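I am opening this notebook to keep track of what I look up in one structure, working from the whole chain down to single residues. Each entry records what I asked and what I found.

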Amino acid sequence: MVQARDLIICEYCDALYQRTTLERHQRALCPQCGGVLYRHCNLTIQQRLALGVTGGVLLIFANCYPVMTISMQGLTNSATLWDSVQILSSGSITFIALVMALAIIFAPVLQIVLLCWLLGFALAGRRAPGFATCMRALEALRPWSMLEVCLLGAMVAVIKLAGLLEVIPGIGLLALAALSMLIIYIAGRDIRDLWERV
């Protein structure tokens with residue numbers, strides 16, 4: 001008899017399938033809609049938690065240190081991610097500042113905090129309080145975290161301004177680049193196997 005944990009539902013078309021073991025770099029696709037059902041995960045809980053903590057440290061660096069410093073005729077100005085949100089909020093496009101704050105600050109912070117919360121308890125072999133809500137929140141936050149878009153915008157700004165002013169990329173930009181790659185790597189990993197592991 002097939003156990004409930006051996007079954008997987010396609011999140012795109014709600015078709016039901018029996019889970020099979022995958023080899024490295026393999027993924028299971030839904031034959032009906034072509035959506036990804038699940039991927040092979042070779043990371044342990046300790047490795048995932050280490051990546052989550054690293055993401056938290058990079059997030060602090062990306063938000064506390066300047067993304068870039070601009071110099072012209074002896075005048076210097078630097079800006080962090082939070083400074084860019086504050087500058088946008090003082091103008092007539094406050095709504096865009098709120099969306100930007102959600103996409104580049106609050107959504108990544110919540111992703112990292114929730115991931116570390118779940119994995120910290122999973123490391124002890126227990127389910128975290130509010131486990132189901134946290135797992136659903138992680139899935140819901142995935143499309144809202146847009147650090148890579150912010151990184152692309154910052155890189156375009158650095159390249160465009162480099163011809164007019166002296167532009168020095170800051171520690172925040174390096175941390176943002178590393179954090180963007182890390183968030184993509186973490187978000188690309190399927191954490192649904194935590195339902196069975198803990």
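**Entry 1: the chain as a whole**

I began with burial, and of the 198 residues of the protein chain, 37% count as buried. I note at once that the model is a predicted one. Looking next at the surface, I found that the protein chain exposes about 11,800 Å² and that carbon and sulfur atoms supply 65% of that area. For the overall extent, I looked up the box that the C-alpha atoms fill along the principal axes, and its sides are roughly 75 × 40 × 35 Å.

I then turned to the secondary structure, where I counted seven helices and seven strands. Reading from the N terminus on, I wrote down the order of the elements as β-β-β-β-α-β-β-α-α-α-α-β-α-α. I also checked how contacts spread along the sequence: among those with a separation of 6 or more, residues 24 or more positions apart account for 58%.

**Entry 2: the nonpolar cores**

Before looking at the cores I reminded myself that, in soluble globular proteins, nonpolar side chains tend to be buried together. Which residues of the largest nonpolar core touch the most other members? The core has 41 residues, and the ones I was looking for are Leu81, Ile104, Leu118, Leu176 and Leu194. The elements that give two or more residues to this core are helix H1 (45-64), H2, H3, helix H4 (131-141), H5 and helix H6 (171-188). Of these, H3 gives the most, with twelve residues. Apart from this core I found another, made of nine residues, and Ala15, Tyr17, Cys30 and Tyr38 are among them.

I followed one core member further, setting aside residues up to four places away in sequence, and saw that Leu176 touches Ala62, Leu81, Leu147, Cys150 and Leu151. One of these partners, Leu81, is also on the list of core residues that touch the most other members.

**Entry 3: the largest pocket**

My next search was for open space, and the largest pocket holds about 430 Å³ of it. The lining is made of 21 residues, and those that lie nearest the centre of the pocket are Val67, Met68, Ser84, Met100 and Ala154. What kinds of residue make up this lining? I sorted them into 16 nonpolar and five polar, with no charged residue present.

I also asked where the lining comes from, and strand E5 (68-72), strand E6 (75-79), helix H2 (81-89), helix H3 (94-123) and helix H5 (147-162) each supply at least two residues. The element that gives the most is H5, with six residues.

**Entry 4: two threonines**

Thr69 has its place in strand E5. Is Thr69 buried or exposed? I count Thr69 as buried, because its relative accessibility is 17% and the limit for buried is under 20%. Not counting residues up to four places away in sequence, Thr69 touches Thr76, Asn77, Ser78, Glu166, Val167 and Ile168.

Thr80 lies in the loop between E6 and H2. With a relative accessibility of 14%, Thr80 therefore counts as buried too. Leaving aside its neighbours within four places in sequence, I found Thr80 in contact with Asn63, Cys64, Tyr65, Pro66 and Val67.

**Entry 5: residues with more area open**

Phe106 lies in helix H3, and I record Phe106 as partly exposed because its relative accessible area is 43%. Once neighbours within four places in sequence are left aside, Phe106 is in contact with Trp82 and Ala101. I also looked up its distance to Ser145: the two are 39 residues apart in sequence and 8.3 Å apart in space, C-alpha to C-alpha.

Leu174 has its place in helix H6, and I noted that this leucine is exposed, with a relative accessible area of 61%. Leu174 and Arg27 are 147 residues apart in sequence and, C-alpha to C-alpha, 32 Å apart in space.

My last stop was Asp14, which lies in the loop between strand E1 (7-9) and strand E2 (16-18). Asp14 is exposed, with a relative accessible area of 60%. Its phi is near 65 degrees, which I wrote down as a positive value in a residue other than glycine.

Definitions and conventions. Residues numbered from 1 in each chain as written. Predicted model: local features only at pLDDT ≥ 70, side-chain atom pairs only at ≥ 80, totals over all residues. Heavy atoms only, no water. 1 Å grid on protein atoms, 1.4 Å probe; cavity = no way out; pocket = protein on both sides within 12 Å on 5 of 7 lines; lining within 4 Å. Points joined across faces, edges and corners; volume = space filled by probe spheres on them. Helix = DSSP H or I, 4+ residues; strand = E, 2+ residues; numbered from the N terminus. Nonpolar A, V, L, I, M, F, W, Y, C, P; charged D, E, K, R; others polar. Buried < 20%, exposed > 50% of the residue type's maximum accessible area, 1.4 Å probe, protein only. Contact = heavy atoms within 4.5 Å. Core = buried A, V, L, I, M, F, W, Y, C linked by side-chain atoms within 4.5 Å. Areas by Shrake-Rupley, 256 points an atom, 1.4 Å probe, with all protein chains shown as cover.
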